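Me: I should like to learn how to read this structure step by step. May we begin once it is displayed?

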Amino acid sequence: GMPAAPPPVLAERRKTRQIRVGKVLVGGDAPVSVQSMTTTPTTDINATLQQIAELTATGCDIVRVAVPSQDDADALPAIAAKSQIPVIADIHFQPKYVFAAIEAGCAAVRVNPGNIRKFDDQVKEIARTAADAGVSIRIGVNAGSLDPRLLQKYGKPTPEALVESALWEASLFEEHGFHDFKISVKHHDPVVMVRAYELLSEQCDYPLHLGVTEAGPAFQGTIKSSVAFGALLSKGIGDTIRVSLSAPPAEEVKVGIKILESLNLRPRKLEIVSCPSCGRAQVDVYKLAEEVTAGLEGMEVPLRVAVMGCVVNGPGEAREADLGVASGNGKGQIFVKGEVVRTVPESEIVETLIDEAMRIGEELKGA
Ligand code: SF4
C-alpha cells in the first residue's frame with residue numbers, strides 16, 4: 001500500500017554535526033537515541049554484561065559504564081567486545097583511563113570539564129588517539145562538578161556558567177582539530193537545565209546529550225526529565241537523551257523511549273489509551289488498564305488499545321483505537337477498528353483484548 005505520511009512533530013530538529021558512537025549515529029539526521037548507564041561494578045564483567053543485555057532488550061541504543069579505577073579500565077575490553085550496543089567509558093579524572101578505554105574498543109569516552117584542567121596538557125594526545133580510533137567524546141558538564149574558576153565567576157552553576165565551561169573545554173579539543181564530540185550541560189533543576197541547553201544550542205552546532213542530573217526517584221525523575229526534555233525536543237534541541245532515575249536503568253530506558261514516542265520522534269509501539277475513570281465507570285478501569293498493559297508488554301507492533309470505563313464516551317474513544325473495550329452492565333464491548341466484534345462478560349475482557357491484540361499483531365507482522 002501507500003507509505004503512510006510520517007506523523008507530525010512539533011519542530012524541525014536543529015541542524016547539528018553528526019558524530020559516531022560506534023554503530024550509532026548521533027546528530028544530523030540521525031534519530032534521537034536513548035542512553036542509560038550500568039549500575040553494576042564495572043569490574044564485575046558478567047553482571048555488567050547481563051545488565052547491558054537487559055538494557056539492549058529494553059531498547060537502549062548506547063550504554064555508559066563508570067571507570068573509576070584501573071580494575072574497571074581492565075574490564076573494558078571484555079565488556080566492549082561482548083556488548084551488543086556501543087559502550088561509552090565514563091571517566092572523570094584520569095587521562096590514562098581515557099587511553100585504556102580507546103584501546104579497549106569503547107565507542108566513546110565521556111570526560112568532565114571540571115577535571116580536565118588537571119590534564120589539559122594531554123588533550124592533544126587524547127584528541128589524536130581518539131581521532132585515529134574513530135572514537136567520539138562527550139564533554140559532560142555537571143552542575144555538581146563545575147570548574148572552580150567558573151563557580152567563582154558566576155557564584156553558582158548558572159546556565160551561563162555551564163555553557164561557558166562546556167565551550168571552553170570544546171575549544172581545547174578544537175585547537176587540535178578534533179570536533180567529534182557531543183556536549184551535555186546537566187543540572188538537577190529542569191528550568192536551569194533547559195536554559196543552559198537553549199543557550200548552548202545558540203552557540204554551537206555540536207550534537208547535544210540531554211540529561212537532568214540527580215532527577216530523583218522514578219516518579220519525580222520521570223516528570224522532571226519529561227518536562228525538561230519535552231521543552232527542548234519540542235524546539236528541535238537534543239540528539240541523544242539519558243533519563244537519570246534512582247531506579248533500575250531499564251526503567252530509564254523505558255521512560256526515554258516513551259518521551260520520544262510521545263513527541264513522534266520515534267514510532268509508537270504499544271499505546272494504551274485508558275480513561276481516567278469517573279463516577280460513570282461501571283468497571284475498575286485502573287485494574288483493567290494495568291492488566292491489559294501487563295498482558296501486552298513487549299508487543300513490537302504499533303497498536304493503540306483503548307480501555308474505557310463506560311459506554312458514554314467509551315465507544316467513541318474505542319473506535320479511534322485499533323482495538324478497545326467499553327464496559328457497561330457487567331459486560332465489555334470489544335471494538336476492532338471501530339466495529340464491535342464481540343460482547344463478553346467482564347471477567348473475560350482482559351483475555352479477549354489480549355487475544356485480539358495478538359491476532360492483530362500477527363496480521364500487522366505478516367503485512
Ligand atoms: Fe468516565 Fe466513561 Fe469517560 Fe471513563 S469513559 S472517564 S468512565 S465517562
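Me: Which residues of β3 lie on one side and which on the other, and are they buried or exposed?

Reply: This is a predicted model. To read a strand, one asks which way each residue points and then whether that side is covered. In β3, S33, Q35 and M37 lie on one side, while V34 and S36 lie on the other, and all of them are buried. Because 5 of the 5 residues of this strand, which spans residues 33–37, are buried, β3 is largely enclosed by the rest of the structure.

Me: Which strands does β3 pair with, and in what sense?

Reply: To describe a pairing, one names the partner, the direction and the number of bridges. β3 runs parallel to β10, to which it is joined by 3 bridges, and it also runs parallel to β4, again through 3 bridges. Q35 is a useful residue to follow here. Its opposite number in β10 is R242, and in β4 it is I62. Between β3 and β4 the chain passes through α1, and this β-α-β crossover is right-handed.

Me: How does the chain continue from β4, and what handedness does the next unit have?

Reply: Here one follows the path from a strand over a helix to another strand. β4, helix α2 (residues 70–82) and β5 form a right-handed β-α-β unit. The two strands pair in the parallel sense over 4 bridges, and A66 has D90 of β5 as its bridge partner.

Me: What lies on the other side of the pairing, where β5 meets β6?

Reply: β5 pairs with strand β6 (residues 108–111) in the parallel sense over 3 bridges. The chain reaches β6 from β5 through helix α3 (residues 95–104), in a right-handed β-α-β crossover. Within this pairing, I88 stands opposite A108.

Me: Which residues of β5 point one way and which the other, and are they buried or exposed?

Reply: The reading is made as it was for β3. In β5, which covers residues 87–90, V87 and A89 point one way, I88 and D90 point the other way, and all are buried.

Me: Where is G59 found, and what does it touch?

Reply: For a residue in a loop, one looks at the flanking elements, the accessibility and the contacts. G59 lies in the loop between α1 (45–58) and β4 (62–66). Its relative accessible area is 23%, so it is partly exposed; the cut-off for buried is under 20%. Apart from residues up to four places away in sequence, G59 touches V253, I257 and R266.

Me: Where is G238 found, and is it buried or exposed?

Reply: G238 sits in the loop between α9 (218–233) and β10 (240–242). Its relative accessible area is 0%, so this residue is buried. Leaving aside neighbours within four places in sequence, G238 is in contact with R13, V32, L208, L210 and L233. A distance can be read alongside these contacts: G238 and V340 are 102 residues apart in sequence, and their C-alpha atoms are 43 Å apart in space.

Me: How many cavities of 30 Å³ or more does the structure hold, and which residues line the largest?

Reply: Rolling a probe the size of a water molecule over the atoms shows where empty space is left. A search of the whole structure finds 1 cavity of 30 Å³ or more. The largest cavity holds about 30 Å³ of space, and its lining consists of V9, L10, A11, L233, S234, L263 and L265. By class, this lining has 6 nonpolar residues, 1 polar and no charged.

Me: How much space lies in the largest pocket, and what lines it?

Reply: For a pocket, one reads the volume, the lining and the elements that supply it. About 700 Å³ of space lies in the largest pocket. Its lining has 22 residues, of which T58, K254, I257, K258 and G298 lie nearest the centre. Two or more residues each come from α1, α10 (249–262), β11 (270–274) and α11 (285–296), and α10 gives the largest share, 6 residues. The lining of this pocket divides into 8 nonpolar, 5 polar and 9 charged residues.

Me: Which residues lie nearest the centre of the second largest pocket?

Reply: They are R268, P302, L303, R304 and D322, from a lining of 19 residues. This second largest pocket contains about 460 Å³ of space. β12 (303–308) and α13 (349–366) each supply at least two residues of its lining, and the largest share, 3 residues, comes from α13. By class, the lining has 10 nonpolar, 1 polar and 8 charged residues.

Terms used. Residues numbered from 1 in each chain as written. Predicted model: local features only at pLDDT ≥ 70, side-chain atom pairs only at ≥ 80, totals over all residues. Heavy atoms only, no water. Buried < 20%, exposed > 50% of the residue type's maximum accessible area, 1.4 Å probe, protein only. Contact = heavy atoms within 4.5 Å. 1 Å grid on protein atoms, 1.4 Å probe; cavity = no way out; pocket = protein on both sides within 12 Å on 5 of 7 lines; lining within 4 Å. Points joined across faces, edges and corners; volume = space filled by probe spheres on them. Nonpolar A, V, L, I, M, F, W, Y, C, P; charged D, E, K, R; others polar. Pairing = 2+ DSSP bridges. Right-handed = clockwise from strand over helix to strand, strands pointing away.
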